Amino acid sequence: MHNIEKEIFDLKSSLLKMFLLVEKQWKKGANAILNYDQDIAEEISSSENRINAQELKIDSDCENIIALHAPVAVDLRFILSTYKINHALEHIADIAESIAQYVANNNVPYDQKILQETRLTEMFDIFNIMMDCLIEAFENEDPKFARKVFKKDKLINKINTDAYQIIIDNLDKYDKNMLLYLLSTIRKIERAGDSLKKIGEEIIYHLEVKVIKHT
Amino acid sequence: MKYKLEAKNIDVFYGKLKALNNINIGITENAVTALIGPSGCGKSTFLRLFNRMNDYIDSFKLNGDILIDDKNIYEKDVFVDELRKNVGMVFQKPNPFPKSIFENVAYGLKIQGIKDKEFINTRVKDALKQAALWEEVKDDLNKSALALSGGQQQRVCIARALAVEPSIILMDEPTSALDPIATAKVEKLIHTLKEKYTIIIVTHNMQQAARISDYTAFFYMGDLIEFDKTNTIFTNPKMERTENYITGRFG
């Protein structure tokens, strides 16, 4: 029989690995889009399998701990939040793969000028900062870093809202297919930002017993 | 708030050893209150204050008040026999007398001097029904209680306690000697009984406390560390020592 402390420690290590895999996947996605790198875009699809396998492993570990150790209090909150964070991370990895698909399947690179105007690079930068804050919060059990993502998510939302008009204003200037993919990419990053926000809420729930979602 | 039972400024000594230290607690009527804590923490000593079971220990000394329905049960005008009619007790190991099932359940009534057979029959039947045992033994009431399974024996003991119509039932690890099926039956019974009785249960099984109790008190080395709704204790305990104990990180 394994000690619950050891099980929780191992589960934390597994989720941290998931964080790092998804972070790496996301950085590859950004690199593929911003630098129109089709090789990296292809690579993302193959690393998706690893992330899916890690997601299933964490699911299974959570189920086993609940069934075998009947966790309560802080342990139960950790398992519940880990279960939800795991799924949110997998969703984010799916989005990274999805946005890189444009680069893998199309021969028209995103125009640098429109990328700049829509602030896509800034969006990726904010996303990376959010991810770093969450990893710091999770690894060191420090809720103040988790709280930092809420403001950043609002910035991402603003860039997403503004992008719609920018794309309309530029419809006649660029390849329409490229513009629509770009708008779709921005929307997807906004959704990934929402998932990061949810992860922040789960970390705070685990550490401070505060339910802040839907507030 | 009015409580069924109250402990006020309770200190208990066994000779020079202080077993309980300034305990203050109010027990709600028609609810199950679980007492948890490591061995030697004082939870059984505390439980036994409510039917004065500790009185038999020579070196026992009590400071403070134990109130049942606002009456201090350690006052001189309290008759212990009368008190125990009102406060039934179920022990760790089933302890039926070497008598028939009927005689076991009727025992408390008979020692009270009740002779009305019809009255006794009705009480025995009601008590066995309340103990969820009637259907299993109704055709074998003259069979020896010792021939029953462990779980059935424990329910006979519960029926024996219920037959004298107490308002409070104390349970000292009532399922620790039972298998999971018998344990589940006794737990279901406890859940039903709280509609009519106020129940205090000592248990070492954390999950049992979480499953069956409405309130949980955590004792450690004679101190009451935390007392709250069971839901709060097992999801968000306020004290670190409580959390360490219920999550198994103690010591």
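## A six-stranded sheet in chain B and its contact with chain A

Leu35(B) stands opposite Val202(B) in S8(B). This is a predicted model. The pair belongs to the match between strand S3 (residues 32-36) and strand S8 (residues 198-202) of chain B. These two strands run in the parallel sense and are joined over 4 bridges.

Two helices of chain B pack on the sheet. Helix H6 (residues 150-163) touches S6 and strand S7 (168-172). The direction of H6(B) makes about 170 degrees with that of S6(B). Helix H7 (residues 180-193) touches S3, S7 and S8. The direction of H7(B) makes about 145 degrees with that of S8(B).

Now the sheet as a whole. It is open and has 6 strands, in the order S6-S7-S8-S3-S9-S10 (chain B). The pairing is mixed. Why do S6 and S10 of chain B each have one side without a neighbour in the sheet? Strand S6 (87-90) and strand S10 (223-229) stand at the edges with a single partner strand each, so one side of each stays free of a neighbour in the sheet. On average, neighbouring strands are turned by 15 degrees against each other, direction ignored.

The S10 edge carries a hairpin, formed by S9(B) and S10(B) with 2 residues between them. Met221(B) lies in the turn and has a positive phi of about 50 degrees. Strand S9 (residues 215-220) and S10(B) run antiparallel, joined by 6 bridges. Within this pair, Phe219(B) stands opposite Leu224(B).

The two strand pairs, side by side:

| Strand pair (chain B) | Sense | Bridges | Residues standing opposite |
|---|---|---|---|
| S3 and S8 | parallel | 4 bridges | Leu35(B) and Val202(B) |
| S9 and S10 | antiparallel | 6 bridges | Phe219(B) and Leu224(B) |

Next, the interface. Chain B gives 9 residues to the contact and chain A gives 10 residues. The area buried between the chains is about 800 Å². Carbon and sulfur atoms give 53% of that area. Which three residues supply more of the area that chain B buries against chain A than any other three? They are Gln207(B), Thr247(B) and Arg249(B), with 51%.

Arg249(B) also forms a salt bridge with Glu5(A), where the closest N and O atoms are 3.9 Å apart. Across the interface there are 2 salt bridges. There are also 4 residue pairs in polar contact. On the side of chain B that touches chain A, helix H9 (230-235) and helix H10 (240-246) are the elements that give two or more residues. By class, this side has 3 nonpolar, 4 polar and 2 charged residues.

Notes
Residues are numbered from 1 along each chain as its sequence is written. Chains are lettered from A and ligands numbered from 1 in the order in which they are written. This is a predicted model: local features need pLDDT of at least 70, side-chain atom pairs count only at pLDDT 80 or more; totals for chains, interfaces and linings use all residues. Side-chain values use heavy atoms; hydrogens and water are left out. Contact means heavy atoms within 4.5 Å. Buried area is the accessible area (1.4 Å probe) that two parts lose on being put together, summed over both. A salt bridge is a side-chain nitrogen of Lys or Arg within 4 Å of a carboxyl oxygen of Asp or Glu. A polar contact is a pair of N or O atoms within 3.5 Å; within protein, one must be able to donate a hydrogen and the other to accept it, and residues adjacent in sequence count only if both atoms are side-chain atoms. Ala, Val, Leu, Ile, Met, Phe, Trp, Tyr, Cys and Pro count as nonpolar, Asp, Glu, Lys and Arg as charged, and the others, Gly among them, as polar. Two strands pair if DSSP finds at least two bridges between them. Axes are lines fitted to C-alpha atoms, for helices over the stretch in contact, and angles run from 0 to 180 degrees between N-to-C directions.
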